[in-house]
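Hi everyone, thanks for coming. I'd like to walk you through a structure today, so have a look at it and then we'll go through it piece by piece.

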Amino acid sequence: MSSDAQNYETSNAQRCVPARNQSPNSNKVGARQPGQASRLWGGRFEKSTDEMINEFQASINFDKRMYREDIQGSIAHAKMLAAQKIISEEDSEKICAGLEKILEQIDAGKFNFSVALEDIHMNIEKALTDSIGAAGGRLHTARSRNDQVALDTHLYMRRQVREVQKLILNLQKELVKAAEKNSDVIFPGYTHLQRAQPILFAHHLLAYFSMLQRDFDRFEGVHARADIMPLGAGALAGTTFPIDRNFVARELNFSEIYSNSLDAVSDRDYLLEFLSAASILMVHLSRFSEEIILWCSREFSFIELDDAHCTGSSMMPQKKNPDVPELVRGKAGRVFGHLTALLTTVKALPLAYNKDLQEDKEGVFDALDTVKFSLAVFAQIVAGMKIRKENMRRAVEEDFSNATDLADYLVKKNLPFRQAHEVAGKLVHFCIEKNIYLKDLTLDEFKIFSPLFEADIHDAILPETCVAARNSQGGTSFQQVAIQIAAAKDWIKNHGNNN
């Protein structure tokens, strides 16, 4: 497995699942315990939170992956507070230095995350205050966890979408390489999973390139909706402090700012769009997986997957199982489920923020991991598969996928298409009865069905002739596929440079 694929492999221990280690019987609600009032929101409360409730509502086990965005957003916020003279320049510098130190600790794996502190925001703020004292307590001036978490998620998704797009481009590159390498390979095109017309195998691969192109564009839209800055909305109504939201937007390189504070803290459209785009992408990968699974079966034998991308059977020594495309096909349903779950979560939420919205992240993070890993391994599958050209050739010679070209031949002799279609159908039936193919018929046998047939009919129904004749724009001819390959290369070059 390549380093790309390994980067996206997530163990069960790393999956976004909160810990559930405490026994309910060991968690009792009692009088105020030491440290309760020191919670960042604890002034209102006299009793400590039940430990089971702590675990139930804590998000730190999954939102800690946004630590970099949380620190990035807090540094921008601290700089703005100082620029607006809401806090002193000295306090701002202490805050920024302290946050940079925390970032180094987390990067080095030396930071202890606490479930009792609920989320990434409070874990970092508590560590900051412990480190630099009172100045750390001024960081949260003029903001709420509501707009803070919205900011973190926007920043995180904006970055992650670009990573998904890079992986899409990488898979597209492998498709173009495979198409160009096999640009002369003729392959049976199907409808209803029945052989329909001979096409170029490269043409088939480039159909998936086009699907991925639309996927790339959909994620561009997700990026645009993530590229809106929510900080400054406060809990829901803005703030009484003279903040400068444009300052923060510039610091964080946002293109826009939310114009309505209620919308800023409650909007999850960009996450729904991500899950929608991810689901459509997984549909495309699942369809491709299904074809790969069919093609490498003994019944088709059109391709062979690399040994490194398959497994064997514990009982049957002859087996070479296409586990990777099967898993991608299976994981598609997992991503669809996350889209349905978030749609269900937000469908009846009143404005503005509700705790339900904490449920937005686990599904999104898991879908993100699944999509990135699937794209990475799929690029390896395409790069490593062996094309069985001779079997593909045999498939288009031993079928009736050239029957349409037979009808077209008669149409070009001025026979109406419906009559030509009938003649071709009768010829196919005649061949089936004799257990032969159209290429096996003599000219005299052709003439039994129409006097318009001439000696050139055998050349007209050769697979190469059938393919070359389909030279309409976007068709499967050698010329059109060469144009498609060139256009695909240009598209990758332009979008790779811009991404």
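**Charged pairs, helices and a few odd spots**

Let's start inside helix α8, which covers residues 145-181: E174 and K177 sit three residues apart there, so about one helical turn separates them. Before I go on, keep in mind that this is a predicted model. Those two side chains form a salt bridge, with the closest N and O atoms 3.6 Å apart. Buried or exposed, what would you say for E174? It's buried, at 15% relative accessible area, while its partner K177 counts as exposed at 51%. And while we're on salt bridges, E69, R159, E163 and K372 are joined into one network by bridges that share partners.

Why do we see pairs like this? Side chains of opposite charge can pair when their charged atoms come close.

How many salt bridges does the structure hold? There are 32. Let me pick out R65 and D369, whose closest N and O atoms are 3.0 Å apart. R65 lies in the loop between α3 (60-63) and α4 (67-83), and D369 is in helix α14 (residues 360-384), so this pair ties together parts that are 304 residues apart in sequence. R65 is partly exposed, with 22% relative accessible area, and D369 is buried, with 11%.

Next up is K79 with E251, a salt bridge with an N to O distance of 3.7 Å. Here again distant parts of the chain are linked: K79 belongs to helix α4 and E251 to helix α10 (residues 245-251), 172 residues apart. Both ends are partly exposed, K79 at 36% and E251 at 40%.

Okay, on to how helices sit against each other. Two packed helices are described by the angle between their axes and the distance between the axes. Take helix α5 (residues 89-107) and helix α6 (residues 120-132): their axes come within 10 Å and cross at roughly 120°. Angles of 65 to 115 degrees would count as roughly perpendicular and those over 145 as roughly antiparallel, so α5 and α6 are oblique to each other. As for handedness, the crossing of α5 and α6 is right-handed.

Now for the backbone. Most residues other than glycine have a negative phi, and most peptide bonds are trans. So which residues should we look at here? One is A142, which isn't a glycine but has a positive phi of about 70°. You'll find A142 in the loop between α7 (134-137) and α8, and at 9% relative accessibility it counts as buried. Another is N435, also not a glycine, with a positive phi near 60°. N435 lies in the loop between α17 (417-434) and α18 (443-449), and this residue is exposed, with a relative accessible area of 72%.

Then there's the peptide bond joining L351 and A352, which is cis, with omega about 10°. A352 is found in the loop between α13 (323-346) and α14.

L351 turns up once more, on the surface. Together with L236 and L262, L351 forms a nonpolar patch there, with about 270 Å² of accessible area between the three. Of those, L262 lies in helix α11 (residues 261-266) and counts as partly exposed, at 30% relative accessibility.

That's my tour, so over to you for questions.

Conventions: Residues numbered from 1 in each chain as written. Predicted model: local features only at pLDDT ≥ 70, side-chain atom pairs only at ≥ 80, totals over all residues. Heavy atoms only, no water. Patch = residues over 30% accessible without salt bridge, like charges linked within 9 Å, V, L, I, M, F, W, Y side chains within 5 Å. Areas by Shrake-Rupley, 256 points an atom, 1.4 Å probe, with all protein chains shown as cover. Salt bridge = Lys/Arg side-chain N within 4 Å of Asp/Glu carboxyl O. Helix = DSSP H or I, 4+ residues; strand = E, 2+ residues; numbered from the N terminus. Buried < 20%, exposed > 50% of the residue type's maximum accessible area, 1.4 Å probe, protein only. Axes fitted to C-alpha atoms, helices over the stretch in contact; angles between N-to-C directions. Parallel < 35°, antiparallel > 145°, perpendicular 65-115°, else oblique. Left-handed = near helix turned anticlockwise from the far one by under 90°.
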